[in-house]
Amino acid sequence: MLSKIYTYLYNKVYYLLNFFRYKHLAKTATIRQLLRVDGKENISIQSEVIIQKLTWLAAVPITGFTTCKLVIGEGTIIGHFNHIYATSEVVIGKYVLTADKVYIADNQHAYEDVETPISKQKIVQLDAVKIGDGTWIGEMYV
C-alpha cells in the first residue's frame, strides 16, 4: 500500500516540477526515476505512458539538424534500463511495449578508423525511427 502511495506522489511531484520543461508531458504518464533526460524541450510523452526505472531519454540535435523530436505514444510501456536517443526523429507509436535493456536510436558512432577508439569517432545520423502501434520489442535471451 505504501509503495502505491509513494508512486502516486512521486508521479504528481515529477509532473508538477517538469511538465513545462517537456514539449509535452501528459498528466497521466508514469515516470519512475529516470537515469537521465537530455533535451526535455524536444520530448513528448503522451497519456497513460509508463517509463520504468533507470531509463535514459535524449532528444538532442548533435548531428547538425536544427531540430529533433522524441515522441512516446499513448499507452506505451518502456521497460527498465532502456536507452532512447533521438538526434533527428524517433517516434514510438501507441501501446508499444519494450522489454528491459532496449536501445532505440536514429544515430550511431561512425567506425571509419580501426585505430581510433569508437568513443572518439563522430556520431552519424541515420534515418528517422518510427515504431508502429502495438509493437513489442523484446529482450534476447541466450
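Select Arg-36 to begin: with a relative accessible area of 43%, Arg-36 is partly exposed, a class that lies between buried, under 20% relative accessible area, and exposed, over 50%, with a 1.4 Å probe and protein chains only. The model is a predicted one, in which local features need pLDDT of at least 70 and side-chain atom pairs count only at pLDDT 80 or more, while totals for chains, interfaces and linings use all residues. Residues are numbered from 1 along each chain as its sequence is written, and side-chain values use heavy atoms, with hydrogens and water left out.

Keep Arg-36 selected and add Asp-38, with which Arg-36 forms a salt bridge whose closest N and O atoms are 3.0 Å apart; a salt bridge here is a side-chain nitrogen of Lys or Arg within 4 Å of a carboxyl oxygen of Asp or Glu. Asp-38, at 18% relative accessibility, counts as buried.

Now show the strands, which are DSSP runs (E, at least two residues) numbered from the N terminus. Strand β3 (36-38) is an edge strand with a single partner, as is β12 (103-105), so one side of each is left without a neighbour in the sheet. The open sheet has four strands in the order β3-β6-β9-β12, with parallel pairing, where two strands pair if DSSP finds at least two bridges between them. From one strand to the next the twist averages 5°, an angle on the 0 to 180 degrees scale between N-to-C directions of axes fitted to C-alpha atoms. Select β6 (residues 56-59) beside β3: the two run parallel and are joined by three bridges, and Trp-56 in β6 stands opposite Arg-36.

Move next to Glu-89 and Lys-69, which form a salt bridge with the closest N and O atoms 3.6 Å apart. This pair links distant parts of the chain, since Glu-89 belongs to strand β10 (residues 89-92) and Lys-69 to strand β7 (residues 69-72), 20 residues apart. Glu-89 counts as buried at 19% relative accessibility, whereas Lys-69, at 33%, counts as partly exposed. Add Lys-130 to the selection, and the network of salt bridges that links Lys-69, Glu-89 and Lys-130 can be displayed.

Finish at Glu-112 and Lys-122, whose side chains meet in a salt bridge at 4.0 Å, N to O. Both lie in the loop between β13 (107-109) and β14 (123-125), so the pair ties together parts that are 10 residues apart in sequence. Glu-112 counts as exposed at 62% relative accessibility, and Lys-122 likewise counts as exposed, at 53%. The structure as a whole holds four salt bridges.
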